[in-house]
Every structure is written in structure tokens, then in C-alpha cells.
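Visitor: I would like a close look at a single part of this structure, set in the context of the whole chain. Please describe that part in detail and then relate it to other places in the model.

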Amino acid sequence: MYPAFSGRQLRLFNEIQVSAIHEGVVRLLEEVGMKVKSKQALEIFEKGGACVDPVTEIVKIPRAILEKAIQTAPSQVTIHGRDEKHDAVLKKDRVHFGTGGTVCYALDFETGERRPTITHDVRDLARLVDVMEHISFYVIHTYPADVPEADVDVNRFYWAITNTTKPVMGGMYTMQGLREAIKISEMVAGGVDKLRERPFVSFITLMVSPLVMDWTYTDFLIEVASKGLPLAVPSEPLAGATAPVTLASTITINLAESLAGLTLTQLVNPGTPALIGTTSSIMDMNTGTYVAGAIESSLINVGIAQMAQYYNLPLYATGGQSDAKLNDAQAGYESACQAMVLGLSGANWIHDAAGLLECCTTVSYEKTVIDNEILANVLRVLRGVEVDEDSLAIDVIKEVGPAGNFLAHNHTAAYFRREFLIPKVSDRWNRITWNERGSLDAHARAHKIAAKILKDHRATPIDPKVQGEIRRMFPGIKGEDLL
């Protein structure tokens with residue numbers, strides 16, 4: 001089981017404000033409704049008792065149906081890894097961080113130049129995540145531009161599943177690709193039932209702001225829910241653009257959209273392990289574009305985390321991003337501020353927390369390593385300070401006495417590795433030693449760490465016979481497997 005620590009030290013709302021936001025959500029779904037483009041979904045909502053207008057495609061969800069869905073949805077969801085030591089239990093305020101987004105560019109590991117992402121990026125970033133001890137899951141965050149669109153999904157999930165034993169999650173682009181990804185997962189798991197018992201893949205099905213469930217993602221949602229596999233149903237309203245500019249309203253519309261998706265999952269298959277979610281941020285009023293690294297994005301996510309805890313539902317959240325183009329100071333402080341704030345909120349499944357630059361359009365191998373260390377700091381804060389007889393160490397202080405020194409004491413040797421975070425990227429040497437070691441900055445140090453991992457690491461392989469069968473069944477998978 002992956003070790004996780006609890007957040008919830010940061011709260012934005014009092015009880016009255018929480019109630020006001022909830023009532024706002026109910027009013028939006030009862031009085032305004034969602035525009036639902038999927039014919040399947042319209043039929044399911046109507047059968048489930050919602051108010052459906054087939055002409056306008058507006059679905060209004062009464063309070064009773066919403067509240068039943070919230071009660072029916074599991075309050076605890078386990079997202080499994082191929083290796084059970086990576087299983088992530090999502091409940092209450094337990095915090096996990098991972099990758100996320102779907103970018104189309106990478107900073108090339110050899111040249112540093114920005115280039116389109118390819119299948120090798122899906123593979124190699126999975127291998128990097130497999131080693132990064134503070135990144136607990138792999139949301140597939142690259143789009144392989146070197147394969148036809150019809151083969152994108154099968155390549156993304158194949159290269160992810162075979163190169164990390166951590167939980168794998170991803171969005172989809174075609175229904176065929178979704179079904180192929182599920183089929184591959186069933187083969188690796190050893191059958192349909194075994195995948196249902198320990199699903200190491202999960203899926204993302206987006207709501208569209210404001211208040212739309214489009215036909216493609218909604219049909220994906222129905223497909224995944226019907227199979228009982230875990231899925232996230234996030235929404236992405238942008239304050240000032242596809243949501244009102246006020247953060248409270250953006251939080252409310254985000255919740256309404258995501259809870260509408262949750263309601264559909266429970267109407268399709270009661271008990272479906274679903275995560276409500278947010279990828280929300282703000283619109284930059286100077287440029288008219290999406291902003292990834294804004295602290296207001298974190299505030300929106302923190303507010304939704306508090307509401308998710310009110311509903312007793314696990315949350316797919318977003319934090320740790322940057323709008324910087326390089327691994328510079330901006331990349332560091334934006335990612336660190338977001339990750340720390342989201343960790344303290346107690347959000348459960350915090351994606352986009354490793355490797356992303358340039359408004360979530362570009363991924364960096366080196367930033368993935370740096371972000372792993374940022375997350376180490378966040379998790380150290382969440383672990384807190386233990387207070388017991390040993391940690392107070394009164395007897396040790398008495399033994400050493402005034403003007404003594406604790407460096408050589410057995411208590412120090414026994415506890416320092418637990419008490420202190422020992423960094424791998426940060427440099428703490430004096431300048432003379434730093435010069436002797438090559439005068440490397442953080443980016444260069446991270447590059448060396450990543451280079452060693454990519455040279456040496458191979459994830460625990462799947463059964464070679466199964467791997468061969470998958471390659472024969474899906475000839476659209478591009479590239480050679482690593483030996």
C-alpha cells in the first residue's frame with residue numbers, strides 16, 4: 001500500500017459557506033440543468049427520474065436524485081497498481097500526487113529543444129515515474145504524434161502499463177481506443193474478473209463548461225461505468241471565461257458539472273468507483289488565455305477539496321503546474337506553491353503535479369525529477385511533527401547536559417533519517433565543494449538523475465507470452481519493447 005498522509009490543515013469555508021455552495025449546486029442542477037449531447041445519456045437520465053427535454057437537450061437533476069447518487073457512490077476508492085505496494089486508497093483527506101494533463105510537446109532530453117511528443121515519451125516518462133518515490137501514479141500526460149489518431153489510445157495505455165507498476169490513468173480519444181485499452185488491461189490482469197478485482201487502470205471523462213455533457217466524453221463515461229472500472233469526472237471552468245470571474249461561483253459551477261457526471265455514473269451502474277474532479281483555473285485578463293500556474297487555481301481546487309470532504313467523495317484535483325517555459329525560478333515557485341496548498345487541503349488524487357511547463361503544453365524530464373523533490377517537501381510537511389517520549393528526548397537532553405553535543409549520540413543516528421528530508425536534487429554543499437562537483441544548477445543535477453534512471457531502470461515486466469499476444473492482436477502499437 002502506498003504510504004499517504006492526511007491534509008485538511010487548510011480550510012477556506014465555514015459551515016454556513018459550505019451550505020451556501022451546496023445549495024448553489026442544487027439550484028444550478030434543478031433550475032438550469034445540463035445540456036446533454038449524448039442520446040444514451042438522455043435516455044438514462046430520463047429513466048432515472050431526471051427532467052429531460054429532448055428538444056433542448058437540457059437535463060435537470062432534482063435534489064433527491066443528486067443526493068442519492070452522492071450516497072451511492074463509494075466514499076473510498078482504491079486505485080491499484082500492477083504492484084500492490086503502489087495501491088492508492090482515496091478517502092477523506094488522504095493525499096497522493098502524480099502526473100497529468102495531455103501535452104503535445106516535450107523538452108527533448110538530449111537537446112533541450114521543444115519538440116512534438118512521441119510514443120517513446122509515454123514509455124520513458126512511465127519509467128521515470130516508476131522510480132520517483134513521491135509520485136504515486138501515472139496519468140498519461142503525452143500525446144504520441146508519431147502514430148495515427150486511431151492508434152493513439154492503444155499506444156498510450158500499452159506503453160504506460162508495461163513501463164510502470166504504479167496506477168495508470170488516462171483520457172481517451174476514440175471509443176475503439178478506449179475498448180482496446182480495457183482489453184489490454186484485462187489481458188495483463190489475467191482476465192475480466194481479475195481486472196475488476198484489482199483495476200490498475202482508470203479513465204478520465206470530462207464535463208464541458210459551462211454546464212455541458214458532450215457526446216464523446218459522455219459516451220466514454222457510460223462505457224467505463226458499465227464495466228465498473230474507476231473513472232474521474234472532472235470539470236474545467238475558467239474563472240472569467242467559461243465561469244463567472246468570482247472564485248466562489250467557479251467552485252460552485254465546477255461542482256455542479258462534476259456532480260452531474262457522478263450522477264450519471266451511478267445511474268448507469270450504482271456503486272461505480274468515481275472521483276468528482278476539478279481541473280479549473282482562471283483566464284489571464286491580459287492575454288485572454290488559460291493560466292496553469294495561478295495561485296487562484298489552487299484556491300479553487302482547495303475549495304472543491306473541502307466540498308468533496310463535505311460530500312464524503314474522493315477528489316481528482318489539479319496542482320503543481322507552471323506557466324514557465326524553462327525549469328527556472330518561476331517553474332519552481334509556481335509548482336511548489338500549488339503543490340503545498342493542494343496538499344494541505346487534503347485533496348486525494350492531485351494530478352498535473354510533476355513535469356509540466358508552459359500552460360500544460362510541454363513536459364520536461366528534468367522537471368519531473370525536480371517536482372518529485374518538491375513533493376517530498378510537501379509530504380514531509382503533511383507528516384508533521386511527532387510528539388512522544390522518544391521524540392521529546394528529555395532523557396537524552398539530561399544525559400548530554402548543558403553545553404553538550406548531540407551529534408554523536410545514538411538517538412541522533414536512530415532518528416535523523418526519519419526526521420530530516422534528505423534531498424537528492426537540492427545542493428547544500430559549500431561553494432568550494434559545489435565548484436569541485438561541477439558547479440551544476442538544479443536542472444543539470446536533475447538531468448543526471450534522470451539519465452541514470454533512463455539508462456538502467458526497467459519496470460517489472462508483464463508475462464512475455466501476454467506481451468507477445470498483445471503485440472500480435474494490436475499491430476498499431478509502435479516501437480520495440482525494452483529488454
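Guide: The account below begins with the chain as a whole, turns to one helix and its surroundings, and then moves to other sites.

The model is a predicted one. Its protein chain holds 18 helices and 22 strands. With a radius of gyration of 23 Å, close to the 23 Å that the globule rule gives for 483 residues, the chain is as compact as a globular protein of that length. Along the principal axes, the C-alpha atoms occupy a box of roughly 80 × 60 × 50 Å. Buried residues make up 53% of the 483 in the chain. Among contacts with a separation of 6 or more, 75% join residues 24 or more positions apart.

The surface and the charges complete this overview. About 20,700 Å² of the protein chain is exposed, and 56% of that area is supplied by carbon and sulfur atoms. There are 47 positive and 58 negative side chains, and 4 Å separates the centres of the two sets.

The domain assignment divides the chain into domain 1, made of 5-14 + 70-383, and domain 2, which spans 390-419. Between the C-alpha centres of domain 1 and domain 2 the distance is 43 Å.

The part chosen for the close look is helix H10, which runs over residues 295-311 and is followed by a loop leading to strand S19 (315-318). Two residues of this helix may be described in turn. Gly303 is one residue of helix H10. Its relative accessibility is 0%, so Gly303 counts as buried, the limit for that class being under 20%. Leaving aside residues up to four places away in sequence, Gly303 is in contact with Leu12, Phe13 and Ile251. As a further reference distance, Gly303 and Gly171 are 132 residues apart along the chain, and their C-alpha atoms are separated by 24 Å.

Tyr310 also lies in helix H10. Here the relative accessible area is 45%, and Tyr310 is therefore partly exposed, as this class lies between 20% and 50%. With residues up to four places away in sequence again set aside, Tyr310 touches Val18 and His22. The C-alpha atoms of Tyr310 and Glu15 are separated by 9.7 Å, although these two residues are 295 positions apart along the chain. Helix H10 thus contains a buried glycine, Gly303, and a partly exposed tyrosine, Tyr310.

Beyond the end of the helix, Asn312 occupies the loop between helix H10 and strand S19. Asn312 is not a glycine, yet its phi is positive, at about 60 degrees. Asn312 has a relative accessibility of 38% and counts as partly exposed.

A positive phi is also found at Ser439, where the value is about 55 degrees and the residue is likewise not a glycine. Ser439 belongs to the loop that connects helix H16 (431-436) with helix H17 (442-456). With a relative accessible area of 34%, Ser439 is partly exposed.

Another backbone feature concerns a peptide bond. Ser209 and Pro210 are joined in the cis form, with omega at about -5 degrees. Pro210 is placed in the loop between strand S12 (201-204) and strand S13 (212-213).

The account closes with a region around helix H14. His409 is located in the loop between helix H14 (394-400) and helix H15 (410-419). The relative accessible area of His409 is 17%, and the residue is buried. When residues up to four places away in sequence are not counted, His409 touches Val396, Glu399 and Val400. Between the C-alpha atoms of His409 and Glu399 there are 9.7 Å in space, and the two residues are 10 apart in sequence.

Lys398 is itself part of helix H14. At 64% relative accessibility, Lys398 counts as exposed. The C-alpha atoms of Lys398 and Leu264 are separated by 63 Å, with their positions 134 residues apart along the chain.

How values were computed:
Residues are numbered from 1 along each chain as its sequence is written. This is a predicted model: local features need pLDDT of at least 70, side-chain atom pairs count only at pLDDT 80 or more; totals for chains, interfaces and linings use all residues. Side-chain values use heavy atoms; hydrogens and water are left out. Helices (H or I, at least four residues) and strands (E, at least two) are DSSP runs, numbered from the N terminus. The radius of gyration is taken over C-alpha atoms; the globule rule is 2.2 Å times the number of residues to the power 0.38. Buried means under 20% relative accessible area, exposed over 50%, partly exposed in between (1.4 Å probe, protein chains only). Contact means heavy atoms within 4.5 Å. Accessible areas come from the Shrake-Rupley method with a 1.4 Å probe; for residues, only the protein chains shown count as cover. Lys and Arg count as positive and Asp and Glu as negative; His and the chain ends are not counted. The place of a charge is taken as NZ of Lys, CZ of Arg, CG of Asp or CD of Glu. Domain bounds come from an automatic or database domain assignment.
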